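Trainee: I would like to learn how to read the architecture of a protein model, going from the whole chain down to single residues. Could we work through an example together?

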Amino acid sequence: MGAQGMKCSSFRPEVIPVKKIISMLISIPLSFLCCLSVFAEANELVVRSRPMLHTLVEIKAGGAGAEQAIEEAFAEMERVNSLLNNYDPQSEVSAINRQAGDGPVSIGKETMEALTLAVKYGDLTGGALDITIGPLLRLWGFGKDDVGLEGDEPDPASLAQAQALVDYHALELSRRRSWKGTARRSARLARQGMWIDVGSFSKGYVADRAVALLKKRRIKNALVIAGGTVCALGAKPDGSPWQVGVQHPRDPDRLLTAVALKDCSISTSGDYENFYLKDGTRRAHIIDPRTGLPVSHLQSVSVIAPDGVTSDLLDTPLFVLGPDKGMEVARGIKGVEILMVAEGGKIVYTEGWPEKHIAY
């Protein structure tokens, strides 16, 4: 990487293999993904954190007005999350889920934008990303709070029934304009029992909204840490890049590697974040929507991209696709670099992944 850090617009760093993201120098664990980041001197950065997005979100920012800007950024994150959170009965996504099989639900521009992006990346990944995965997640014991199944694993009939409800193509998104020119947006799930789960992308989308607010307030140096997604705005106040680490997927006390970021984002998905053991077999929350089964061929995937929603939208489907197909898909997306830890600890990465020591 070097002292300049990774500038996501060009992605011409030095190369090396890599694995998963954590943070650096003075590292602080965040959420199940354990994304961490380095702290600058207290007199250079304002650092605030609060529970949100089912994790602990942290924002660090420097410059005049940083404290007020951080508070406004948190408020913006809360506002947008209140639209998308499928576990909040008042959210727009929850309204879509309740109305599944019935009429369309009126939604705002943020929900429309987020769902449209999710559908786009569903197409781009050949269906490996499917935000209507909710019925399968619940079938395998991955709900809001509880992890695991009390009884036997799903039988073929139950699996087939849940899988029949998973189809992002059955999410109907509509944009119209009234005779006054007012935008009208709506969404509808075609079949009763369908369920959108936003866990595969909401942290990245909401974190991007915080970055946009900070930019609007003329903050040039900031880091937004939302679980497994970290968004870097500019560099640290001293000019050096933000240092972000990737957690070792099998040893929570170790870093796998670290990368320097500047004006870009990184997201990581792993089979160690949200899982249970059943008869000695690890069952992780990442489900292949095409088979209905938990994915077992990877340990973690890290994605560097120009923004948080892109990195967050890609880490889960690339995990589903695996090294060969995942690498093929990633190389077709401009400005994206990935690092995968496959079964048994084998490490694969794209040519432009920033050079750092990787210790498995």
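Mentor: We shall take the chain as a whole, then its sheets, its helices and a few single residues.

Trainee: Before any detail, what does the secondary structure of the chain come to?

Mentor: Bear in mind that this is a predicted model. The secondary structure of the chain comes to seven helices and 18 strands, and of its 360 residues 56% count as buried. Among contacts between residues at least 6 apart in sequence, 66% join residues at least 24 apart.

Trainee: Turning to the sheets, in what order do the strands of the eight-stranded sheet stand?

Mentor: The eight strands form an open sheet in the order β4-β5-β9-β10-β13-β16-β17-β18, with antiparallel pairing. At its edges stand β4 (46-52) and β18 (347-349), each of which has a single partner strand, so one side of each is left without a neighbour in the sheet. From one strand to the next, the twist averages 10 degrees.

Trainee: How should I read a single strand, and which way do the residues of β13 point?

Mentor: The general idea is that in a regular strand the side chains alternate between the two faces of the sheet. In β13, C264, I266, T268 and G270 point one way, while S265, S267 and S269 point the other way, and all are buried. The strand, which spans residues 264-270, is accordingly described as mostly covered, with seven of its seven residues buried.

Trainee: How many bridges join β13 to β16, and how many pair it with β10?

Mentor: Strand β10 (residues 229-233) pairs with β13 in the antiparallel sense over four bridges, and within that pairing C264 is the bridge partner of A232. With strand β16 (residues 298-305), β13 is joined by six bridges, and these two strands also run antiparallel. Along the pairing with β16, G270 stands opposite S300 and T268 stands opposite S302.

Trainee: Which helices lie on this sheet, and which strands do they touch?

Mentor: Helix α1 lies across β4, β5 (55-62) and β9 (221-226), and runs at about 15 degrees to β4. Helix α7 (residues 308-331) packs on the sheet by touching β10, β13, β16, β17 (337-342) and β18, and its direction makes about 125 degrees with that of β16.

Trainee: What is the order of the three-stranded sheet?

Mentor: That open sheet has the order β6-β8-β7, again with antiparallel pairing. Its edges are β6 (105-106) and β7 (171-177), each with a single partner strand, so one side of each is left without a neighbour in the sheet. Strand β6 pairs with strand β8 (residues 183-189) in the antiparallel sense over two bridges, where S186 of β8 is the bridge partner of S106. Helix α3 lies across β7 and β8, running at about 135 degrees to β7.

Trainee: For a pair of helices, at what angle do α1 and α3 pack?

Mentor: A helix pair is read from the angle and the separation of the axes, then from the handedness and the residues in contact. Helix α1 (residues 66-84) and helix α3 (residues 109-124) pack at an angle of about 65 degrees, with their axes 9 Å apart. Since 65 to 115 degrees counts as roughly perpendicular, that makes α1 roughly perpendicular to α3. The crossing of α1 and α3 is right-handed. The contact is made by R79, V80, L83 and L84 of α1 together with E110, T111 and A114 of α3, and these residues divide into four nonpolar, one polar and two charged.

Trainee: Finally, for single residues, why does N81 count as buried?

Mentor: One compares the relative accessibility with the cut-off, buried being under 20%. N81, which has its place in helix α1, counts as buried because its relative accessibility is 11%. Not counting residues up to four places away in sequence, N81 touches L53 and V206.

Trainee: And where is G141 found?

Mentor: G141 is found in the loop between α4 (134-139) and α5 (156-163), and with 10% relative accessibility G141 counts as buried. G141 and F275 are 134 residues apart in sequence, whereas in space they are 9.4 Å apart, C-alpha to C-alpha.

Definitions and conventions
Residues are numbered from 1 along each chain as its sequence is written. This is a predicted model: local features need pLDDT of at least 70, side-chain atom pairs count only at pLDDT 80 or more; totals for chains, interfaces and linings use all residues. Side-chain values use heavy atoms; hydrogens and water are left out. Buried means under 20% relative accessible area, exposed over 50%, partly exposed in between (1.4 Å probe, protein chains only). Two strands pair if DSSP finds at least two bridges between them. Axes are lines fitted to C-alpha atoms, for helices over the stretch in contact, and angles run from 0 to 180 degrees between N-to-C directions. Angles under 35 degrees count as roughly parallel, over 145 as roughly antiparallel, 65 to 115 as roughly perpendicular and the rest as oblique. A crossing is left-handed if the near helix is turned anticlockwise from the far one by less than a right angle, and right-handed if clockwise. Contact means heavy atoms within 4.5 Å. Ala, Val, Leu, Ile, Met, Phe, Trp, Tyr, Cys and Pro count as nonpolar, Asp, Glu, Lys and Arg as charged, and the others, Gly among them, as polar.
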